[in-house]
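Let's take a walk through this one together, from one helix pair to another with some rings and charges along the way. Have the viewer open and follow along.

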Amino acid sequence: MPRLSIPNTLFGRRLREARLRAGIAQDKLGVMIGMDEGSSSARMSRYETGTHEPPFGTAEKLAAVLGVPTAYFYCDDDRLAKFLVRYGSIAPEARESLLVLIDGLQPSI
């Protein structure tokens with residue numbers, strides 16, 4: 001079994017977490033966002049290890065396939081990143097209710 005390199009960038013760490021959570025292989029993920037089958041695994045590996053960071057449009061495609069908000073890849077707070085994943089998975093009308101709840105938690109100005 002090949003040894004996984006440790007991601008050395010925030011984007012790479014978040015990408016690997018989301019990909020593993022979704023149970024998708026690197027090469028399959030690359031193909032799912034429109035990459036050539038022959039290079040998709042290598043490109044995904046470079047994104048995950050931090051050798052390269054994808055253009056924002058590619059990050060948007062990755063987020064859509066992995067079912068996470070694009071902001072998740074760039075969020076440097078682990079708790080907020082976890083919130084973003086959960087927020088992205090709830091229905092739009094429930095999101096509005098959640099925002100109302102959060103607004104109620106803020107102290108009055």
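Start with helix 5 and helix 6, which sit oblique to each other. This is a predicted model, so keep that in mind as you go. The angle between these two helices is about 140°, and angles over 145 would be needed to call them roughly antiparallel, so oblique is the label they get. Their axes run 10 Å apart, with helix 6 covering residues 92–105.

Who does the touching here? On the helix 5 side, look for Phe-83, Tyr-87 and Gly-88. Across from them, helix 6 brings Arg-95, Leu-98, Leu-99 and Ile-102. Sort the residues of this contact by class and you get 5 nonpolar, 1 polar and 1 charged. Zoom in on Arg-95 and Tyr-87 while you're there: the arginine lies over the face of the tyrosine ring, at 5.1 Å from the ring centre.

Carry on past helix 6 and you run into Gln-106, in the segment that follows that helix. Gln-106 has 51% relative accessibility, so it counts as exposed, given that the cut-off for exposed is over 50%. If you want a sense of scale, pick Ala-64 as well: from C-alpha to C-alpha, Gln-106 and Ala-64 are 31 Å apart in space, with their positions 42 residues apart in sequence.

Now swing over to helix 1 (residues 10–22) and helix 3 (residues 40–49), which pack at about 125° with axes 6 Å apart. They are therefore oblique to each other too. Helix 1 makes the contact through Phe-11, Gly-12, Arg-13, Leu-15, Arg-16 and Arg-19, while helix 3 supplies Tyr-47, Glu-48 and Thr-49. By class, this one comes out as 3 nonpolar, 2 polar and 4 charged residues.

One of those residues deserves a closer look. Is Arg-19 of helix 1 buried or exposed? Its relative accessible area is 6%, so it is buried, the cut-off being under 20%. Leaving aside residues up to four places away in sequence, Arg-19 touches Ile-24, Ala-25, Gln-26, Leu-29, Glu-48 and Leu-66. Glu-48 is already familiar from the helix 3 side of the packing contact.

Next, the rings. The structure holds 5 aromatic pairs. In one of them, Phe-11 and Phe-73 sit 4.9 Å apart, centre to centre, with 40° between the planes, which makes the pair tilted. Phe-11 is in helix 1 and Phe-73 is in the loop between helix 4 (56–66) and helix 5 (78–88), so this pair ties together parts that are 62 residues apart in sequence. Both partners are tucked away: Phe-11 is buried at 3% relative accessibility, and Phe-73 is buried at 0%.

Phe-11 has another ring partner, Tyr-74, in a tilted pair at 5.5 Å centre to centre and 50° between the planes. Here again distant parts of the chain are linked, helix 1 with the loop between helix 4 and helix 5, 63 residues apart. Tyr-74, though, is partly exposed, with a relative accessible area of 34%.

Step back and you'll see that ring pairs join Phe-11, Phe-56, Tyr-72, Phe-73 and Tyr-74 into a cluster. One last thing to find at that cluster is Arg-14, which lies over the face of Tyr-72 at 5.5 Å from the ring centre.

Definitions and conventions: Residues are numbered from 1 along each chain as its sequence is written. This is a predicted model: local features need pLDDT of at least 70, side-chain atom pairs count only at pLDDT 80 or more; totals for chains, interfaces and linings use all residues. Side-chain values use heavy atoms; hydrogens and water are left out. Axes are lines fitted to C-alpha atoms, for helices over the stretch in contact, and angles run from 0 to 180 degrees between N-to-C directions. Helices (H or I, at least four residues) and strands (E, at least two) are DSSP runs, numbered from the N terminus. Angles under 35 degrees count as roughly parallel, over 145 as roughly antiparallel, 65 to 115 as roughly perpendicular and the rest as oblique. Contact means heavy atoms within 4.5 Å. Ala, Val, Leu, Ile, Met, Phe, Trp, Tyr, Cys and Pro count as nonpolar, Asp, Glu, Lys and Arg as charged, and the others, Gly among them, as polar. Buried means under 20% relative accessible area, exposed over 50%, partly exposed in between (1.4 Å probe, protein chains only). Rings of Phe, Tyr and Trp (its six-membered ring) pair if their centres lie within 6.5 Å; planes under 30 degrees apart count as stacked, over 60 as edge-to-face and the rest as tilted. A charge sits over a ring if NZ of Lys or CZ of Arg is within 6 Å of the ring centre and within 35 degrees of the ring normal.
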